[in-house]
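Work through the two exercises below with the sequence and the structure side by side, and try each task before reading its solution.

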Amino acid sequence: MCYYIWFLKDLCTFMLLAKVIILIMRNIIENIGNYTNFWECDFTGNIIEGDILRNPRRTASSCVTDSCKWPKVNGVVKVPYVFENGYKNVQKNLIKNYLSIFKDQTCVEFVPRTDETDYIAFTNQMGCASYVGRQGGKQVVFLKHENNGVTCVDSYVVQHEALHVIGFLHEQNRIDRDDHVTIHWDNIQSELQPNFKIYSSVNLGIPYDYNSILHYSRTTFSENGQPTITANDDYDRVLGGSVLSADDIRRVKALYECCKCWRDKYYLTCDNTCNVKICRYILNS
Ligand SMILES: [Zn+2]
């Protein structure tokens, strides 16, 4: 009888353990499933979308591959940077300050370069432009600072270009954009119409975001002052944000799996608020 009871106790323990293992495995599988949604990085043209540079070495690769993303080590994605071409300290400090929001709210950090092979070089020329995703080696991010009142050293521009660096195209180029906006081709400067094409993309589970800092405004590249792009649900809706939207933050977290951290060969899911600092605490504990 005693043997029988102990047998039941062991069986119960075994079943409880099995249930925990199943729950953990299911969580991992679900998260891997979420991982399959990405922007793709295939694009053509030397400068597209007004401020995106083309890497001639890249053909049809995708951010699904690690080659387009910046590496993640111990739960933190570091994007090394240097400054080139005569920025003053005041401009360097502004750029650093504008980039700090990524460290504060995601697992992506822009850090001064030490000896990393792949890094970005903020360059004080050629207007405002960036490649999309990691290119390999040194890649320029043009942030021209001028004294006549027009500058790319501005929070909107810096954070917009930073999202390109991280791996994102403009919001209105995503594959499902026609469900949400209408392009008014006749109002667009003819030579700039290619900027409004649709790119193959999957969207990280993020809804179409009219407020994205990566979304064009209603009159971007207009030749006659009339709208070039309008929302389908509200013709007068303001398009494009001047600050990172909540979904801009969410898409960075989704692409780089900021809500997961790695310890002892097992992914640990953070709390419901996706607090990356908890990940770091776990990693440091
Ligand atoms: Zn852009």
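A residue counts as buried if 20 or more other C-beta atoms lie within 10 Å of its own. Keep in mind throughout that this is a predicted model.

**Exercise 1.** Determine which residues of strand β7 (residues 128-131) are buried on each face, and find which strands pair with β7.

*Solution.* Begin with the two faces: C128 and S130 are buried on one side of β7, while A129 and Y131 are buried on the other, and both faces are thus covered. Next, consider the pairing with strand β2 (residues 52-53), which runs parallel to β7 and is joined to it by 2 bridges; here L53 stands opposite Y131. Then turn to β8, which pairs with β7 in the antiparallel sense over 3 bridges, with V141 of β8 as the bridge partner of S130. Finally, follow the chain through the hairpin of β7 and β8, where 6 residues lie between the strands and G133 takes a positive phi near 80°.

**Exercise 2.** Describe the span and bend of helix α2 (residues 89-105), and state which elements its buried residues pack against.

*Solution.* Start with the span: the 17 residues of α2 reach 25 Å from the first C-alpha to the last, which is close to the 24 Å expected at 1.5 Å a residue. The helix nevertheless bends by about 30° at L99, and L99 is buried, as are I95 and F102. An α-helix has 3.6 residues a turn, so residues three or four places apart point the same way. To complete the picture, the buried residues of α2 pack against β5 (108-112), β6 (119-123), β8 (138-143), α3 (155-166) and α4 (246-255).

Conventions:
Residues numbered from 1 in each chain as written. Predicted model: local features only at pLDDT ≥ 70, side-chain atom pairs only at ≥ 80, totals over all residues. Helix = DSSP H or I, 4+ residues; strand = E, 2+ residues; numbered from the N terminus. Expected span 1.5 Å × (residues − 1). Bend = angle between axes of the 7 residues up to and from the residue. Buried ≥ 20, exposed ≤ 12 C-beta atoms within 10 Å, placed from the backbone. Contact = placed C-beta atoms within 7 Å. Pairing = 2+ DSSP bridges.
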